[in-house]
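Subject: Structure handover

Hello,

Here is the structure I promised to pass on. Please open it and keep it beside this email as you read.

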Amino acid sequence: MNDVTHIAPRDKAEILAQALPYIRKFHGKTMVIKYGGNAMTDPELQADFAEDVVLLKLVGINPVVVHGGGPQIETALNRLGKKGQFIQGMRVTDAETMEVVEWVLAGEVQQDIVGFIHKAGGQAVGLTGRDGGMIRARKLKMVDSKDPSIEHDVGQVGDIVEINTGVLSALLEDNFIPVVSPIGFGDENESYNINADVVASKLAETLKAEKLVLLTNTPGVLDKAGQLLTDLSAREIDALFADGTISGGMLPKISGALDAAKAGVNAVHIIDGRVPHAMLLEILTDQAYGTMIRAR
Ligand SMILES: Nc1ncnc2c1ncn2[C@@H]1O[C@H](COP(=O)(O)OP(=O)(O)O)[C@@H](O)[C@H]1O
Ligand SMILES: CC(=O)N[C@@H](CCC(=O)OP(=O)(O)O)C(=O)O
């Protein structure tokens, strides 16, 4: 596997030479990095991820981290004798599950990432969509993907109504690295569990981010034979949805990625977060990683 820890010094010089034009190009630009729960299970990888985020900040790029935590929520639910149920990639969220989601995401996963970033020399601030009134949501109406006459009740899963990026802009201006948990609030101050890919995509769109990078636990989007699809257009994505090649957590990921690309985010990539430093190499070198999502 290609990663900077295993690259010879001569190649590191080559990487640096490649990085300079990208550093110039992206200076002052915002990038939304979605750190999936499946890609953050190894502490060494978490430390590498934090180093990459800090390095981006040091070279003048503004990373905004949105984290997931599906497997971590599942572990906590199991301890309570519960098992998660998913419909079309969304966790059915009853009141007790919502409590677990809030404490695992905001209390555990987010603070872990903030800690790793501090250890790597950066200044991170953890927040949920409640902070600064960032993510206003309502209950998601989930229509069955095969039969639109069927509606699924997924409980307190949120549909984003409005994003207010004021608090993020203030933090970025003061050189902090925001780390956002995908939790929204409703009109009655109720909490909503929102898929982290959906939050990352919507934030990228609203912040007019240069790039959206989604780190997950596969090499990218795979075809039916398990081969990596290096880039995908909207039409090709429709076909993959229709023939069932895309399922589970990949459904909201690709939908969100495509929405962000259509809304003008210049580059949207789904990459393998298990490869050390893949995010940095994707952003700052000529090397192409994972799957690039194109608006057309
Ligand atoms: N065509 C596909 N290509 C790659 N992964 C897919 C595909 N269809 C479904 N998946 C599933 O989507 C998962 C990634 O989504 P998810 O579990 O939500 O991860 P994350 O925590 O990174 O958001 C993969 O581990 C894989 O099981
Ligand atoms: C509604 C919904 O499904 N919310 C997700 C939020 C966390 C998430 O998205 O985590 P990953 O990115 O690791 O999958 C959940 O409860 O698992």
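Below is what was found, starting with the ligands and moving on to the sheet and the helices.

Before anything else: this is a predicted model.

**The two ligands**

Start with ligand 1. It is surrounded by 19 residues. The closest are Gly36, Asn38, Thr216, Gly249 and Met250. Which classes make up this shell? Twelve residues are polar, five are nonpolar and two are charged.

Now go to ligand 2. Here the shell holds 18 residues. Gly37, Gly68, Gly70, Arg91 and Ala196 come nearest. Three elements each supply at least two residues of this shell: helix H3, strand S4 (90–91) and helix H6 (196–206). By class, the shell around ligand 2 has nine polar, seven nonpolar and two charged residues.

**The sheet**

Next, look for the open sheet. Eight strands form it, and their pairing is mixed. In what order do the strands lie? Trace them as S5-S10-S2-S1-S13-S15-S16-S14. The edges are strand S5 (124–128) and strand S14 (231–232), and each of these pairs on one side only.

Stay at the S14 edge for a moment. S14 and strand S16 (residues 291–293) run parallel, joined by two bridges. You can find one partnership by eye: leucine 232 has isoleucine 293 in S16 as its bridge partner.

**The helix pairs**

Two packed helices are described by the angle between their axes and by the distance between those axes. Three pairs are worth a look.

*H3 with H4.* Helix H3 covers residues 70–79, and helix H4 covers residues 95–119. Their axes are 9 Å apart, at an angle of about 125 degrees. The two helices are therefore oblique to each other. H3 passes H4 in a right-handed crossing. From H3, the contact uses Gln72, Ile73, Ala76 and Leu77. From H4, it uses Thr97, Val100, Val101, Val104, Glu108 and Val109. Seven residues of this contact are nonpolar, two are polar and one is charged.

*H2 with H4.* H4 also packs with helix H2 (residues 43–58), at an angle of about 65 degrees. The axes of H2 and H4 are 8 Å apart. Their crossing is right-handed. Gln46, Ala47, Ala50, Val53 and Val54 in H2 meet three residues of H4, namely Phe116, Ile117 and Lys119. The contact of H2 with H4 has six nonpolar residues, one polar and one charged.

*H6 with H8.* How do H6 and H8 lie, roughly parallel or roughly antiparallel? Helix H8 spans residues 250–262. The axes of H6 and H8 cross at roughly 5 degrees and come within 8 Å. Angles under 35 degrees count as roughly parallel. H6 and H8 are therefore roughly parallel to each other. On the H6 side, the contact has Asp197, Val198, Ala200, Ser201, Ala204 and Glu205. On the H8 side are Pro252, Lys253, Gly256, Ala257, Asp259 and Ala260. Six residues in the contact of H6 with H8 are nonpolar, four are charged and two are polar.

**Where to begin**

Try H6 when you open the model. It supplies residues to the shell around ligand 2, and it also packs with H8.

Best wishes

Note on methods. Residues numbered from 1 in each chain as written. Chains lettered and ligands numbered in written order. Predicted model: local features only at pLDDT ≥ 70, side-chain atom pairs only at ≥ 80, totals over all residues. Near = placed C-beta within 6 Å. Nonpolar A, V, L, I, M, F, W, Y, C, P; charged D, E, K, R; others polar. Axes fitted to C-alpha atoms, helices over the stretch in contact; angles between N-to-C directions. Helix = DSSP H or I, 4+ residues; strand = E, 2+ residues; numbered from the N terminus. Parallel < 35°, antiparallel > 145°, perpendicular 65-115°, else oblique. Left-handed = near helix turned anticlockwise from the far one by under 90°. Contact = placed C-beta atoms within 7 Å. Pairing = 2+ DSSP bridges.
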